[in-house]
Amino acid sequence: MCAFAAGADEATVPAQLQASLLARAASYDRNFGKRAEGKAKIFIVTSGTPASAQFFGQLRQALAQENAVGGLPHEEVEVPFTGAAALAAKVKAERPAVVFVAVGLPETDVKAAVAALSGVDVLTATANPAHVAAGISLGFDLVSGKPRLLVNLKQAQKQSVAFGADLLRLAQVVDP
Amino acid sequence: MTPLMTLSLIGRLLTAADDAAPAPAGGEDLEALLQQTVVTGATKSAEVSSVAPATVTVITAESLNQYGIHSLDEALNFLSLGMVTQNPLHSVDIGARGVLLTGDFGNHVLLLLNGQTLNEQWDGTAYFERGAAIPWELVDHIEVIVGPGSVLYGSNAMFGVINVVTKRARDYGKVLATVDMQGSAPVDADGNVTLRNLGNGGGSVRAALGGATTFSLLGQEAEVIAQLEYFTGSGPKFTFGPQTYGDDAVTQAPKNFGPKSIAPGVWGGLAEQSYATQVPAGHVRLVVGDFSAEVRAASYWRTTPYINQFNVFAGDFDDPNTGELDRFINLDVRYRRRVTSWLGLSAELYGGLYDYRQDLYTSAAEDCAEGQDGCYRVARGFSKWLGLQLQGTADWASDGRWVTLLGVDGRLRNVGGSFDSANSDGTQPIQLSAYDRVEQVLGVYLQQELKPWRWLSANIGGRLDVDSRFGAKLSPRAAIAATAPWSGTFKVSYAEAFRAPTAYELYYSDGANQISPAGLKPETVRSGELSYEQRVGLHRVMIGGFISRWEQMVLLDDATQEEIDAAVAAGQLRDGASDISRYRNVSTIINYGGNLAAEGSIANRLRYGLNVTLARSQRLQADGTSLPLTVAPQLFGNARLAYDFGSDLPTLAAVVFFAGPRPVDRAFDGGWAGVPYAPPQVDLKVTLSGAVPKASFLSYRLGVTYAFGARSAYVAGPLQAGSDDYPTPQLAPVDRLQIGLQLVARWP
């Protein structure tokens with residue numbers, strides 16, 4: 001992503017690094033293997049904006065280079081966001097292991113999606129740190145030029161994501 | 001036990017502490033991934049530093065705090081790889097990889113603030129000590145990119161690029177207030193710390209107030225962050241000389257060094273009032289969606305306590321009114337938009353106002369214009385500029401593998417300067433030099449990034465600059481990074497950079513001693529480097545080599561008789577003038593060497609780091625011989641340790657900067673007995689930092705800095721050349737011992 005050699009607010013965790021972090025962080029979810037049932041399906045939720053489309057392409061390419069996510073083979077599926085209820089229905093029907101919310105989704109839609117997915121067994125993730133406070137379980141931030149994991153523990157528990165102390169000591173727990 | 005067995009045992013011990021907590025399969029290197037650094041300054045896009053097409057050090061705000069760093073020059077010396085500064089008790093000299101050019105006022109390094117160039121447009125000056133005037137608590141991290149960087153940025157990026165990135169509102173806190181105090185111990189005439197005459201010590205204080213908030217504006221996420229600060233410092237009071245100068249060349253009487261001189265014709269004594277600095281600064285940044293705007297305003301006043309060959313060529317001893325003042329305003333407005341999944345566009349409107357003034361008081365006729373017994377000399381410079389940079393990024397497959405960056409950067413600038421001499425009371429001013437020019441600069445740059453596979457990253461690009469000062473210059477770069485399956489990364493790169501001649505070099509003439517050249521070419525550097533980086537868990541080692549050739553370097557040279565005659569004919573010089581100087585592209589420097597960096601953490605408590613640079617740099621002479629560069633350390637680096645005691649307990653950190661012996665600044669043209677060298681430099685900082693118990697909003701930083709060396713590499717005083725009475729130079733003293741306390745209150 002172009003960043004004009006920018007301020008900290010404009011630099012983001014490169015997609016390849018996000019993919020690597022997700023692939024490894026998923027291993028720390030004690031329920032991941034059971035949820036994935038042998039193969040981790042990853043929904044990448046896009047908002048229809050150009051930024052979202054670019055992010056999808058980059059993340060999909062980066063994840064394709066990861067041998068495993070959470071120790072398991074994986075596949076990525078683009079899911080255009082058409083509403084929280086529709087997303088929740090698709091998640092319940094197809095049971096992905098991860099729902100990754102791409103950039104560009106307004107916070108109101110994120111909150112609606114979070115509410116719709118509450119109680120559903122799925123790991124949600126985002127590249128926008130603000131969305132973690134809005135209810136996404138796992139996020140990636142860049143602080144002082146280094147990646148940082150953000151975890152919304154309460155929401156993660158509602159979605160049967162069981163991150164252990166090993167991950168939590170590496171992450172910043174967000175309590176909205 | 002064989003060496004290999006010893007290394008293997010050490011490796012097992014280091015990683016054993018990291019593996020104390022068992023991790024799920026595939027997760028054991030998550031912690032290592034979180035230690036990777038992301039840089040934006042090397043390619044104008046965010047990428048992991050191990051594959052960036054340059055050697056990069058990222059210095060975090062946490063490191064700046066833990067290791068007691070107060071300014072950019074300290075950050076470079078104590079925490080970076082490859083860059084170094086030397087302190088002559090005025091603005092520091094900065095160099096990299098064994099090359100340092102004294103008195104260049106930082107114009108061989110490009111200093112960026114969130115990607116915006118801070119080097120002013122008259123002399124290309126950037127300051128790196130307190131005069132950088134960047135409110136310190138705003139700093140999120142500093143990217144130190146060593147090596148030629150003109151491929152994307154144009155002029156000045158010869159040693160490298162330093163990009164200071166400021167914090168986001170959520171990382172700053174809503175309100176921040178800080179006071180940072182330091183005291184310097186007095187030093188005696190030999191430069192040793194003494195507890196006598198504590199009033200001869202020094203002190204400084206910096207107070208700052210800032211705030212940040214996020215909000216929503218027109219449906220967009222927005223934030224504003226700002227900090228104002230004021231720094232003032234003076235002392236210690238150093239003892240200089242005495243140096244018996246002799247007679248004034250005009251009056252034929254002992255030279256008058258002012259009311260505080262020890263005796264007529266003698267320079268020196270206790271400099272009580274002439275080592276001081278004041279820096280008020282402010283910065284505000286507003287971000288609304290894809291739009292951002294920032295303004296920085298600052299001034300930098302300083303006095304230098306000794307005559308030297310860089311900024312105080314003459315003057316009364318210990319005159320507090322002899323000093324320099326820089327004033328800056330920088331403005332940057334940006335808008336970026338992702339147009340399609342593969343195309344992004346951005347526009348940046350930037351500008352600045354800058355002026356410089358040096359006031360110099362001298363009671364000596366030989367330092368003044370004809371007919372003046374003493375005088376008040378004022379040197380001025382200014383620049384105003386306005387620029388527009390348009391940039392497009394095409395991610396052709398929308399997956400980050402083939403990305404093209406195309407940019408156009410156009411700038412209009414008005415630069416000028418003057419040099420006046422008046423009677424000591426300011427009456428009867430004579431203007432010796434004045435110039436005022438309007439200039440244009442246009443840069444077009446293209447960069448192609450290729451990442452066809454995960455393990456391979458290539459970058460090729462170039463920038464063409466057309467500048468009314470010199471014509472056109474192309475700066476290419478090519479780099480490849482390949483990551484091996486065992487997490488080692490090989491990097492090879494080639495890059496070129498240039499520095500445009502400054503307005504001062506091109507246009508200054510004073511009618512008596514210096515004429516302006518007919519033209520100057522840009523200085524250029526061509527550099528190749530090779531490196532290997534290996535990560536093992538939370539530990540990283542990098543080793544590399546470099547070779548560079550510097551050409552068309554600008555130096556003050558003797559004017560030929562032909563040039564003098566032409567200047568007289570043009571009215572630039574009075575008839576019969578002799579001993580005339582002019583700037584000329586005369587010099588070539590060859591340098592090569594190696595870097596070593598290591599860092600890591602053990603058991604999440606102990607962090608360590610080591611950076612070493614070893615180089616050989618030689619300036620080629622007209623007769624085919626070569627000489628080392630003065631003041632430029634050929635062996636330098638730093639080592640650090642920090643231990644976090646955990647929970648409510650503080651962090652204890654120690655860091656040392658070292659530089660090997662180096663020729664002093666007048667080593668080869670001072671006619672000394674032998675070649676004088678400055679002693680090795682070893683500076684140690686020990687810092688204790690943490691939260692104040694039972695006051696979580698308040699944190700502290702208590703630190704001690706000690707310089708083991710008593711002298712710097714700069715010749716001090718009017719005796720800048722050797723003689724029978726003074727066969728060796730007097731070197732400038734060093735602020736040996738500083739103790740400081742900083743308190744920071746932050747809500748929430």
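**Chains A and B: the interface and the sheets of chain B**

Q: How many residue pairs are in polar contact between chain A and chain B?
A: Counting residues that are both at pLDDT 80 or more, and taking a polar contact as N or O atoms within 3.5 Å, one able to donate a hydrogen and the other to accept it (neighbours in sequence count only through side-chain atoms on both sides), chain A and chain B share 16 pairs. This is a predicted model, so to speak a computed one, where local features need pLDDT of at least 70, side-chain atom pairs need 80 or more, totals for chains, interfaces and linings use all residues, and side-chain values use heavy atoms without hydrogens or water. Residues are numbered from 1 along each chain as its sequence is written, with chains lettered from A and ligands numbered from 1 in the order written. The count asked for is 16.

Q: Which element gives the most residues to the side of chain A that touches chain B?
A: The elements giving two or more residues to that side are α1 (15-25), α3 (50-64), β5 (138-143), β6 (146-151) and α8 (165-168) of chain A; these are DSSP runs numbered from the N terminus, helices being H or I of at least four residues and strands E of at least two. With seven residues, the top contributor is α3(A).

Q: How many residues does each chain put into the contact?
A: Contact here means heavy atoms within 4.5 Å. By that rule the numbers are 46 residues from chain A and 63 residues from chain B.

Q: What area is buried between chain A and chain B?
A: Buried area is the accessible area (1.4 Å probe) that the two parts lose on being put together, summed over both. Carbon and sulfur atoms give 56% of it. The total is about 4,500 Å².

Q: Which residue of chain A forms a salt bridge with R454(B)?
A: The rule, a Lys or Arg side-chain nitrogen within 4 Å of an Asp or Glu carboxyl oxygen, finds five salt bridges across this interface. In the one made by R454(B), the closest N and O atoms are 2.9 Å apart. The partner is E66(A).

Q: Why do β4 and β6 of chain B each have one side without a neighbour in their sheet?
A: The sheet is open and antiparallel, in the order β4-β5-β6 of chain B; strands count as paired if DSSP finds at least two bridges between them. β5 (residues 93-96) joins β6(B) over two bridges, with G95(B) opposite L100(B). β4 (83-86) and β6 (99-100) stand at the edges, so each is left with a single partner strand.

Q: Which strands are at the edges of the five-stranded sheet in chain B?
A: This open sheet has mixed pairing and the order β3-β9-β10-β7-β8. Inside it, β9 (residues 139-146) and β10 (residues 160-166) run antiparallel with seven bridges, and I142(B) faces V164(B). Pairing on one side only are β3 (55-60) and β8 (116-117) of chain B.

Q: Which residue in the turn between β20(B) and β21(B) has a positive phi?
A: β20(B) and β21 (residues 402-422) pair antiparallel over 20 bridges, one bridge pair being F382(B) and G416(B). Six residues lie between the two strands of this hairpin. With a phi of about 55°, the residue is S398(B).

Q: Which side chain makes a polar contact with the side chain of Q448(B)?
A: Q448(B) is in strand β22 (residues 430-453) of chain B. V403(B) is 45 residues away in sequence, yet 5.9 Å away C-alpha to C-alpha. At 2.4 Å, the side chain in polar contact is that of T404(B).
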